[in-house]
Amino acid sequence: MIFVGNDWAQDHHDIHVMNTEGKKLAVRRFPEGVAGVSDFHALIAQHAQDPAEVVVGIETDHGLWVASLVAAGYRVYAVNPKAVARYRDRHHVGGGKSDAGDAKVLADLVRTDAHNHRVVAGDSDEVHAVKVLARAQQSLVWSRNREANRLRNALREFYPAALVVFEDLHGRDALAVLGRAPDPVTAARLTLYQVKAVLRAGGRRRNLDATAAKIQAVLRTEQLHAPAAVAAAYAAVVKAQIGVITALNTQLAQLETQLESSFEEHPDADIILSLPGLGDTLGARVLGEFGDDPERFADAKSRRNYAGTSPLTVASGKKRAVLARHARNHRLYDAIDQWAFCSLTTSPGARTLYDQRRAAGDTHHQALRALGNRWVGILHGCLKHRTTYNEHTAWGHRQPAAA
């Protein structure tokens with residue numbers, strides 16, 4: 001066996017190779033790209049005949065370089081940078097740090113402590129594609145929320161009536177009306193016919209008359225006015241934000257269509273969609289972050305730990321506390337939190353557990369975290385046994401026995 005530490009940067013990789021006794025066999029720096037990967041494989045071939053004899057430690061689990069290492073048949077461990085820093089402190093207390101030194105630390109770590117870390121998952125190309133699309137969709141949603149908050153701040157300064165009538169500033173009604181009337185003076189002059197025409201152009205078809213009358217009434221209420229020059233400046237800001245949010249909505253719709261198509265073609269899609277609270281978009285996020293490697297999670301507990309939903313116990317002497325995990329996959333945790341909330345109206349068992357936790361003193365988010373933890377365990381069982389969700393099987397053991 002040989003052990004390889006790979007400290008990566010944007011344009012190069014520092015490599016340290018050692019044997020089972022920790023003796024240095026080679027130290028190199030390779031450039032990023034095809035030439036660097038080829039030279040890396042050539043170096044490894046000098047010291048190992050079989051790729052299975054090679055163990056690599058690196059501080060990331062994605063990218064073309066990592067994919068090439070996995071494809072070559074090496075056993076690759078993606079080690080959290082915090083764990084590397086703690087391991088470095090075990091051997092060097094002086095505080096020194098270098099790329100070559102970190103490569104040696106990674107090689108030593110996988111030589112002595114590989115059993116405490118996780119091998120890079122052998123996910124399929126299909127689930128990797130779902131993950132890329134799901135993360136991009138989630139990032140666009142977050143970007144749209146930031147832009148909507150900027151728009152809200154601008155409206156609060158000079159156009160408060162818009163905040164009264166439109167709760168969802170990235171919705172079609174808000175974008176249509178504010179695009180036509182980006183300042184309160186213009187909005188107050190809109191006739192009922194004009195408001196209806198704007199809403200119709202924005203895509204509204206139902207409750208047109210009632211919605212238009214409500215919007216016109218609110219926009220014509222008396223309110224404080226900013227100076228004309230200031231209002232004109234804010235109106236320009238509003239029009240710019242409307243343009244950005246509209247573009248984001250368009251791109252999100254296109255991306256979600258592609259995401260749904262990619263997700264529904266995956267073999268696990270039917271199982272995931274059978275679980276209450278999961279649709280195509282949210283289900284794709286869950287699948288993409290968990291992956292589809294059947295050997296990745298040994299049991300439900302390890303899947304829960306990865307998701308960050310399982311509680312963390314901190315105990316020392318007579319002190320003991322049960323806390324939420326802060327080191328976690330935040331994209332996955334966000335998806336599970338939304339999943340738990342959506343399941344409250346579609347699963348009686350989920351609603352019962354949530355109500356029990358709330359009655360026991362949990363806050364809303366604490367109860368959702370406990371419910372999400374339960375859902376992750378149910379998902380693990382469904383995937384392990386290749387069976388769709390069944391409400392009675394999932395929650396029957398929690399129901400009180402009939403009198």
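**Exercise 1. The hairpin of strand 2 and strand 3**

Find which residue takes a positive phi in the hairpin of strand 2 and strand 3.

Solution. The hairpin has 4 residues between its strands. Among its residues, Gly-22 takes a positive phi, near 85°. Strands here are DSSP runs of E with at least two residues, and helices are DSSP runs of H or I with at least four, both numbered from the N terminus. The model is predicted, so local features need pLDDT of at least 70 and side-chain atom pairs count only at pLDDT 80 or more, while totals for chains, interfaces and linings use all residues. Residues are numbered from 1 along each chain as its sequence is written, and side-chain values use heavy atoms, with hydrogens and water left out.

Next, take the pairing. Strand 2 and strand 3 are antiparallel, with 7 bridges; two strands pair if DSSP finds at least two bridges between them. Across this pair, His-16 has Val-27 in strand 3 as its bridge partner.

**Exercise 2. The sheet**

State in what order the 5 strands of the open sheet are arranged, and which strands stand at its edges.

Solution. The order is 3-2-1-4-5, with mixed pairing. Strand 3 (24-31) and strand 5 (75-78) are at the edges; each has a single partner strand, so one side of each lacks a neighbour in the sheet. From one strand to the next, the twist averages 20°.

Now follow strand 1. It runs antiparallel to strand 2 (residues 12-19), to which 7 bridges join it, and the hairpin they form has 3 residues between the strands. With strand 4, strand 1 pairs in the parallel sense over 5 bridges. Asn-6 shows both relations: its bridge partner in strand 2 is Ile-15, and it stands opposite Ile-58 in strand 4. In strand 1, 6 of the 7 residues are buried, so this strand is largely enclosed by the rest of the structure. Buried means under 20% relative accessible area, exposed over 50%, and partly exposed in between, with a 1.4 Å probe and protein chains only.

**Exercise 3. Helices against the sheet**

Determine which strands helix 2 lies across, and what helix 4 packs against.

Solution. Helix 2 (residues 64-71) lies across strand 1, strand 2, strand 3, strand 4 (54-58) and strand 5. Its angle to strand 4 is about 165°; axes are lines fitted to C-alpha atoms, for helices over the stretch in contact, and angles run from 0 to 180 degrees between N-to-C directions. Contact means heavy atoms within 4.5 Å.

Buried residues of helix 4 include Val-105, Leu-106 and Leu-109. The buried residues of this helix pack against strand 1, strand 2, strand 4, strand 5 and helix 3 (81-91).

Then check the length of helix 4 (residues 99-112). The expected span of a helix is 1.5 Å times one less than its number of residues. For the 14 residues of helix 4 this gives 20 Å, and the end C-alpha atoms are 20 Å apart, which agrees.

**Exercise 4. The nonpolar cores**

Identify which residues have the most contacts inside the largest nonpolar core, and which helix gives the largest share of this core.

Solution. A nonpolar core is a set of buried Ala, Val, Leu, Ile, Met, Phe, Trp, Tyr and Cys residues joined through side-chain atoms within 4.5 Å. The largest has 41 residues, and Phe-290, Trp-339, Trp-375 and Trp-395 have the most contacts inside it. Its largest share, 9 residues, comes from helix 17 (residues 364-385). Leaving out residues up to four places away in sequence, Trp-339 touches, among others, Leu-275, Val-286, Trp-375 and Leu-379. A second, separate core has 30 residues, including Leu-155, Phe-158, Leu-178 and Val-218.

**Exercise 5. The cysteines**

Work out how many disulfides the structure holds.

Solution. A disulfide is a pair of cysteine sulfur atoms within 2.5 Å, and the structure holds 0. For Cys-342, the nearest cysteine sulfur is that of Cys-382, 18 Å away, a distance too far for a bond. Cys-342 is partly exposed because its relative accessibility is 36%, whereas Cys-382, at 7%, is buried.

**Exercise 6. Two loop residues**

Decide whether Asn-207 is buried or exposed, and where Arg-386 lies.

Solution. Asn-207 lies in the loop between helix 9 (192-202) and helix 10 (208-219). Its relative accessibility is 58%, so it counts as exposed. Its phi is positive, near 55°, in a residue other than glycine. Arg-386 lies in the loop between helix 17 and helix 18 (391-395). The phi of Arg-386 is positive, near 55°, and at 47% relative accessible area Arg-386 is partly exposed.
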